[in-house]
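Open the model in your viewer and keep the selection box handy. We'll hop from stop to stop, and at each one you'll get something to select and a note on what is there.

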Amino acid sequence: MELRKAGLKIKNFDNIKNWIASVIGAGLRSAMPVLTYPGLSFTGGKVRDIVTRSEVQYKCIKVLAEKYPAVARVMAMDLSVEAEAFGAHIDFNDDEIPSIKERLIHDSLMINKLEVPGIGEARTSEFLKAAKLAAENISDKPVFGCMIGPFSLAGRLFDISEMMILTLMDPENSHILIEKCTRFLKEYALAFKKCGLEGIFIAEPAAGLLSAGMCGEFSSAFVREIVDYVQDDGFMVVLHNCGNTGELVESMALTGAKGLHFGNAVDMMEILSKAPSDRLVFGNIDPVGIIKNSRPDRIKSEVKNLLKKTAGYSNFVLSSGCDIPYGTPEENIDAFFEALEEYNMK
Amino acid sequence: MEALLEKIAYCVEFGKINKNAPYPPDMKGQEGADELTKQAIEQGIGANDILGKGLIKGMEKVGIKFRENKVFVPQVLMSAKAMSTAMEHLKPFFQSGDVKRKGIFIIGTVAGDLHDIGKNLVSMMIEGNGWEVVDLGTDVKTDKFIEMIKERSASFVGLSALLTTTMVNMEKTVREIKAQIPGINVLIGGAPVNDEFRTQIGADFYSPDPQGAVEYLNKYVT
């Protein structure tokens with residue numbers, strides 16, 4: 001099947017505002033899976049190459065853009081890049097996204113002494129080079145950069161469990177740390193924008209572990225600062241949260257992000273009923289249990305069921321609940337898009 | 001006696017560690033699980049009652065509230081801290097044999113995986129329900145699991161994984177543990193894991209939340 005020909009014909013968008021309107025008004029369902037690492041099966045190379053070499057990351061995005069009719073592309077999700085820029089030590093692995101080896105900061109004194117790094121530190125420069133290559137060479141659909149959210153970054157620097165405790169025991173220093181993370185992320189998002197991308201995908205997984213109230217205080221308020229700093233008619237923010245409750249929707253919507261992306265722990269119908277209709281809402285096929293580890297017929301069935309259930313919501317965009325991992329069989333990704341096409345052909 | 005034990009349970013449920021702890025704000029300046037447990041021992045309340053009717057009761061309530069999305073990870077961590085602080089006072093009773101745990105549970109994140117929040121939550125909830133937990137940490141090799149299960153004669157082991165690549169290691173670890181220790185009961189958990197995967201790799205139990213693991217283990221308590 002020539003999947004490339006099967007997708008939506010939303011092309012030559014003049015700005016992201018109109019692109020959003022065209023997706024909502026297309027009359028056909030569209031998809032934007034978080035898909036980069038499986039591109040390695042076409043380009044060769046290892047996960048380590050994607051996260052350390054800009055040209056490898058770009059080639060993966062490009063080859064997937066040519067093969068699959070996604071309505072937009074998302075750059076590689078590696079949530080260690082920003083912590084490394086702050087000085088965290090990273091554990092690299094050929095086949096897996098890098099991990100943080102140990103916490104960088106241990107107490108309030110270190111929080112207050114922490115310096116905000118400049119853009120270009122550590123591997124941020126490689127990610128920005130990849131962004132520039134993608135912006136220059138992929139022109140038919142929007143390309144979104146990808147970065148961690150402020151609360152999740154604070155958790156990476158301070159240790160996520162300790163950060164959770166800090167929010168309750170010492171909210172003042174929690175705010176100081178998250179504010180420093182936000183200051184860096186605002187400039188990092190702006191750098192992606194200056195590369196010519198159409199948006200930024202902010203992954204804020206740790207906020208999904210908080211109550212709605214705490215999510216608002218320790219995540220959404222800071223994400224809002226990033227949104228206000230970079231989002232306009234030419235550049236959008238997509239905010240990802242993989243919490244397990246629909247209660248977070250309101251808090252996420254208050255950030256002003258034009259796109260809201262959800263993990264597979266939630267019921268998309270509950271989410272869509274609560275989300276503003278002028279925002280694009282993305283979700284939420286299980287990237288591991290279904291897309292990586294199931295057979296193509298099961299994937300097709302899950303995708304079609306989700307599309308059928310959400311048919312009343314024109315602002316819904318089919319996606320994976322999170323990053324589709326390296327090693328996902330090509331036929332499984334084919335099945336994801338084939339199901340979309342078959343649904344649209346009905 | 002009952003009133004004091006109820007207070008201890010309340011402090012654990014709401015994460016009140018001690019008098020100096022600023023959390024929760026509406027209990028500021030009040031005594032916490034630390035002081036109240038000490039008082040209970042001084043008043044001659046049995047350690048078994050302090051554990052069962054105070055600490056464990058508080059943690060059970062937290063586990064249920066967590067499953068029902070009434071509290072979230074930060075609150076659970078505070079409850080676990082309150083519990084562990086109080087448990088320090090009970091250590092001598094465990095050492096003397098006056099108080100017995102429900103059993104031994106070995107836990108760790110599998111080889112290649114450095115993530116620990118899920119493991120920590122499960123570990124805290126199980127310990128908080130009266131089990132002795134041996135936490136081997138992260139990036140634990142199969143040999144280490146096997147060595148510790150044999151050394152402690154444990155009947156239950158929990159494996160955690162967050163990464164899709166380490167799910168593969170989880171499978172190898174389960175199969176090796178089962179081959180060397182046929183009677184062992186293996187529990188698995190982690191964001192990418194589900195019950196289908198559990199069946200596929202031959203593990204005994206999967207739960208999407210810590211309380212599920214607690215309830216599973218407690219079925220084996222006679």
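Before the first stop, one term: two residues are in contact when they have heavy atoms within 4.5 Å. Keep in mind too that this is a predicted model.

**Stop 1: a helix and its cover**

Select residues 124-137 of chain A, which make up helix H8. With 14 residues at 1.5 Å a residue, this helix should span 20 Å, and its end C-alpha atoms are indeed 20 Å apart, so the two agree. Now colour the buried residues of H8(A): A:Thr124, A:Glu126, A:Phe127, A:Leu128, A:Ala130, A:Ala131 and A:Ala134. What covers these buried residues? Show helix H4 (47-52), helix H5 (54-67), helix H6 (81-86), strand S4 (143-148) and helix H11 (171-194) of chain A, which are all included in the cover.

**Stop 2: where the chains meet**

Next, show both chains. Chain A brings 26 residues to the contact and chain B brings 23 residues. About 2,200 Å² is buried between chain A and chain B, with 65% of that coming from carbon and sulfur atoms. On the chain A side, pick out A:Glu96, A:Leu168 and A:Met169: these lose the most area to chain B, together 26% of what that side buries.

How many salt bridges are there between chain A and chain B? The count is one. To see the bridge, select A:Arg298 and B:Glu196, whose side chains meet with 3.0 Å from N to O. The interface also has two residue pairs in polar contact.

Which parts of chain A touch chain B? Strand S3 (96-100), helix H10 (160-169) and helix H15 (287-292) of chain A each supply at least two residues. H10(A) gives the most, with seven residues. Colour this side of chain A by class and you'll get eleven nonpolar, eight polar and seven charged residues.

**Stop 3: salt bridges inside the chains**

Side chains of opposite charge can pair when their charged atoms come close. Over all chains, the structure holds 38 salt bridges, so let's just visit a few.

Start with A:Asp334 and A:Lys67, whose closest N and O atoms are 3.6 Å apart. A:Asp334 sits in helix H17 (residues 330-345) of chain A and A:Lys67 in helix H5 of chain A, so this bridge ties together parts that are 267 residues apart in sequence. A:Asp334 is buried, at 16% relative accessible area, while A:Lys67 is partly exposed, at 25%.

Jump to chain B and select B:Glu13 and B:Lys65, a salt bridge with its closest N and O atoms 2.9 Å apart. B:Glu13 belongs to helix H1 (residues 2-14) of chain B and B:Lys65 to helix H3 (residues 47-67) of chain B, with their places 52 residues apart in the chain. Is B:Lys65 buried or exposed? At 17% relative accessibility, B:Lys65 counts as buried, and B:Glu13 is buried as well, at 14%.

Then try B:Arg198 and B:Asp195, where the closest N and O atoms are 2.7 Å apart. These two are three residues apart in helix H8 (residues 195-201) of chain B, so about one helical turn separates them. B:Arg198 is buried, with a relative accessible area of 17%, whereas B:Asp195 is partly exposed, with 38%.

Back in chain A, select A:Lys300, A:Lys304, A:Glu338 and A:Glu342 together to see a network of salt bridges.

**Stop 4: a buried threonine**

Zoom in on A:Thr328, in the loop between strand S9 (316-320) and H17 of chain A. A:Thr328 is buried, with a relative accessible area of 5%. Leaving aside neighbours within four places in sequence, A:Thr328 is in contact with A:Pro38, A:Ile291, A:Lys292 and A:Ile333. Look also for the backbone oxygen of A:Pro325, which lies 2.6 Å from a polar atom of the A:Thr328 side chain.

**Stop 5: backbone details**

Select A:Gly283 and A:Asn284, joined by a cis peptide bond with omega about -25 degrees. A:Asn284 is part of strand S8 (residues 280-285) of chain A. In chain B, the peptide bond from B:Tyr23 to B:Pro24 is cis too, with omega near -10 degrees.

Last pick: B:Ser153, which has a positive phi of about 50 degrees although it is not a glycine. B:Ser153 lies in the loop between H6 and strand S3 (156-160) of chain B and is exposed, with a relative accessible area of 60%.

Technical notes. Residues numbered from 1 in each chain as written. Chains lettered and ligands numbered in written order. Predicted model: local features only at pLDDT ≥ 70, side-chain atom pairs only at ≥ 80, totals over all residues. Heavy atoms only, no water. Buried area = accessible area lost by both parts, 1.4 Å probe. Salt bridge = Lys/Arg side-chain N within 4 Å of Asp/Glu carboxyl O. Polar contact = N/O pair within 3.5 Å; in protein donor to acceptor, adjacent residues only side chain to side chain. Helix = DSSP H or I, 4+ residues; strand = E, 2+ residues; numbered from the N terminus. Nonpolar A, V, L, I, M, F, W, Y, C, P; charged D, E, K, R; others polar. Expected span 1.5 Å × (residues − 1). Buried < 20%, exposed > 50% of the residue type's maximum accessible area, 1.4 Å probe, protein only.
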